[in-house]
Amino acid sequence: LPRVAPGQFFSHSTAAMLHGMPVPLSLWRDPRIHVAALRPALPPNAVGVVGHRLRAPVVRTTVAGLPASDAVTTWCLLGSTIGIRNLVAAADYLLGPKPKATASQLATAVASWHGHNGAAALRAALPLVRPRVRSPRETLLRLLLADAGLPEPQINYSIYDGYGRFLAESDLVYPEEKVVLEYEGDYHRTDAQQWRKDIARRESLEDAGWRVLRITADDLDRHPDRLLARIRKAMKLFAN
């Protein structure tokens, strides 16, 4: 920060991490810092720093007292580096339970990004973005289902029993087939209170006739075909 000149600001993956946006692990492991400047100003030239000379439209802000591109601009800057799936996950985060942007802001930004690096990837990602998604892994699971030709599940769907009593709000749900997809990160296993809560929740759903599929990182990353077969089987069984 002491070396950042007036008009320079953190950008790209560095700004994304400052905003809390999910980015691929390879970017977290990259020790380089991205710093940008708007033309005609020059970016820094130093060891360990990747300089970028940008042109409008770029919006700057401060994050924890640090000059940085704003969240929507940062998402656009990632368009040339992280691929469509990860772009969708990052945008889902921006529209999440604690939103940092709106769908209209993303659409306006994509339209104004024409001619910039990553514009085509942003246009491809935008129709796949959904609000209220709780985690990037849920996004990747939803995209896997879409790529496999499965119908899109409902996101954060509220489930009630036959008497109208609330049972749960679940990550990804097929209401017609009464199938629930729950992605379980490690905290579901390591947090004792969460583990007990998950057991009670699952039993209440199954007692009401729902099929709950618990999905882990291994399912998503190492055995996607096997996971898709499980989901198809559950949907077929519960549709009959």
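The expected span of a helix is 1.5 Å times one less than its number of residues. Keep that handy for the first exercise, and remember that this is a predicted model.

**Exercise 1. Check the span of α7 against its end C-alpha atoms, then look at its surroundings.**

Step 1: α7 covers residues 136-147, and its 12 residues at 1.5 Å a residue should span 16 Å.

Step 2: The end C-alpha atoms of α7 are 17 Å apart, which agrees with that expectation.

Step 3: Now see what α7 packs on. The helix lies across β6, β7, β8 and β9, and runs at about 55° to β7 (166-174).

Step 4: For burial, use the cut-off of under 20% relative accessible area. The buried residues of α7 are E138, T139, L140, L141, R142, L143, L144 and L145.

Step 5: Just past the helix, check the backbone: G149 takes a positive phi of about 85°.

**Exercise 2. Work out the strand order of the sheet that holds β6 to β9, and find its edges.**

Step 1: Walk across the strands. The order is β6-β7-β8-β9, in an open sheet of 4 strands with mixed pairing.

Step 2: Count partners at the ends. β6 (154-160) and β9 (211-215) each have a single partner strand, so one side of each has no neighbour in the sheet.

Step 3: Get the twist. Ignoring direction, neighbouring strands here are turned by 45° against each other on average.

Step 4: Zoom in on one pair. β8 (residues 179-183) and β9 run parallel, joined by 5 bridges. Within that pairing, L181 of β8 sits opposite L213 of β9.

**Exercise 3. Describe the hairpin of β4 and β5.**

Step 1: Take the pairing. β4 (residues 60-63) and β5 (residues 66-69) are antiparallel, with 4 bridges.

Step 2: Pick out a bridge: T61 is partnered with A68 in β5.

Step 3: Inspect the turn. There are 2 residues between the strands, and A64 has a positive phi near 55°.

**Exercise 4. Is S11 buried or exposed, and which residues is it in contact with beyond its neighbours within four places in sequence?**

Step 1: Locate S11: it's in the loop between β1 (8-10) and α1 (12-19).

Step 2: Its relative accessibility is 0%, so S11 counts as buried.

Step 3: Leave out neighbours within four places in sequence, and S11 is in contact with H34, V35, A36, H52, S69 and L77. S69 also belongs to β5, whose residues are 66-69.

Step 4: Try a C-alpha distance too. S11 and V50 are 39 residues apart along the chain, and their C-alpha atoms are separated by 9.6 Å.

Key
Residues are numbered from 1 along each chain as its sequence is written. This is a predicted model: local features need pLDDT of at least 70, side-chain atom pairs count only at pLDDT 80 or more; totals for chains, interfaces and linings use all residues. Side-chain values use heavy atoms; hydrogens and water are left out. Two strands pair if DSSP finds at least two bridges between them. Axes are lines fitted to C-alpha atoms, for helices over the stretch in contact, and angles run from 0 to 180 degrees between N-to-C directions. Contact means heavy atoms within 4.5 Å. Buried means under 20% relative accessible area, exposed over 50%, partly exposed in between (1.4 Å probe, protein chains only).
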